[in-house]
Amino acid sequence: GVGGPGAEAKDSFLNIAHRGASGHAPENTLAAFDKAVKMKADFFELDVQMSKDGHLVVIHDATVDRTTDGTGRVGDLTLKELKRLDAGSWFGPEFAGERIPTLEEVLDRYRGKIGILIEIKNPELYPGIEEKVANALKKRNMHRPNNGKVIVQSFGHDSVKKFHRLLPSVPVGVLLSYGDYRDGVSDEELADFARYADYVNPNQMLVDEDLVRRIHNLGMKITPWTIQTKEEADRMIALGVDGIVTDFPELGYRK
Ligand code: G3P
Ligand code: CA
């Protein structure tokens with residue numbers, strides 16, 4: 001994002017479309033990612049999990065029930081079974097026929113067009129998922145600095161550490177849920193994150209001036225989620241965060 005009128009202008013401010021521009025199109029589909037590109041977001045975020053037969057697939061929940069016309073656990077279905085599902089109709093009839101994308105399809109389609117923030121979702125369910133994500137990036141040379149804006153993040157901090165060891169040139173972030181950190185993030189925890197992470201990405205309810213300052217003092221960045229209103233966006237920007245993750249990229253323009 002480019003800075004401009006309003007609070008401090010910062011060229012590096014990241015406007016990140018959560019699960020794609022998921023306020024405007026069904027989350028984690030090409031329609032939502034295309035929309036993020038069209039809206040000139042800096043990045044889109046996606047959630048990656050694994051099919052029964054070991055393919056990386058882009059979907060948020062551990063089951064297909066909420067966002068498709070099917071039922072069952074993602075990890076119990078083969079890629080062929082997942083690809084039969086309609087991942088768009090639940091959001092609106094005009095999105096009928098949207099499919100669950102594979103990570104490889106997404107990387108091929110958007111590499112060089114927009115940054116991609118990859119969340120490794122439920123890593124405890126998918127042993128080996130870190131290697132698969134690393135290999136998908138390596139195959140496309142997207143692990144090389146300056147050759148692809150990619151960040152990898154997870155609520156599973158061991159998964160983030162593991163990924164960082166596999167592909168140290170790719171920036172990584174730790175996600176912090178409100179429930180796990182409602183009593184605060186300790187200096188020890190932050191120092192531990194700083195050993196491997198470039199980003200600390202908390203639920204916006206955890207963010208105050210002090211947390212932003214402590215993260216910055218350790219040389220890390222902070223891109224909170226999930227910003228849904230102008231008021232929330234303004235509060236985050238005033239606190240000096242490095243970007244926001246939002247379903248509505250129109251909230252993240254700094255021009
Ligand atoms: O990027 C942060 C955000 O995606 C984490 O929460 O549940 O939307 O995956 P969730
Ligand atoms: Ca996510």
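The following paragraphs describe a predicted model of a protein chain with a ligand, from its confidence and overall fold to the residues around ligand 1.

Confidence is a good place to begin. For the complex, the predictor reports an ipTM of 0.98 together with a pTM of 0.95. Across the protein chain the mean pLDDT is 95, with 94% of the residues at 70 or more. Residues 1-9 deserve a separate word: there pLDDT stays under 50, and the model has 22 contacts beyond four places in sequence for this stretch.

Turning to the fold, the protein chain contains nine helices and eight strands. Its radius of gyration is 17 Å, close to the 18 Å given by the globule rule for 255 residues, so the chain is as compact as a globular protein of that length. Taken along the principal axes, the box filled by the C-alpha atoms is roughly 45 × 40 × 35 Å. Within the chain, 44% of the 255 residues count as buried. Contacts also reach across the sequence: of those between residues at least 6 apart, 58% join residues at least 24 apart.

Ligand 1 brings together residues from many parts of the numbering. Around it lie His 18, Glu 45, Asp 47, His 60, Glu 119, Leu 175, Asn 201, Trp 225, Thr 226 and Val 245. Sorted by class, this shell comprises four polar residues, three charged residues and three nonpolar residues. The charged members are Glu 45, Asp 47 and Glu 119, while Leu 175, Trp 225 and Val 245 supply the nonpolar part. His 18, His 60, Asn 201 and Thr 226 make up the polar group.

Methods: Residues are numbered from 1 along each chain as its sequence is written. Chains are lettered from A and ligands numbered from 1 in the order in which they are written. This is a predicted model: local features need pLDDT of at least 70, side-chain atom pairs count only at pLDDT 80 or more; totals for chains, interfaces and linings use all residues. A residue is near a molecule or strand if its C-beta atom, placed from the backbone, lies within 6 Å of it. pLDDT is the predictor's confidence in each residue, from 0 to 100. Two residues are in contact if their C-beta atoms, placed from the backbone, lie within 7 Å. Helices (H or I, at least four residues) and strands (E, at least two) are DSSP runs, numbered from the N terminus. The radius of gyration is taken over C-alpha atoms; the globule rule is 2.2 Å times the number of residues to the power 0.38. A residue is buried if 20 or more other C-beta atoms lie within 10 Å of its own, exposed if 12 or fewer, and partly exposed in between; C-beta atoms are placed from the backbone.
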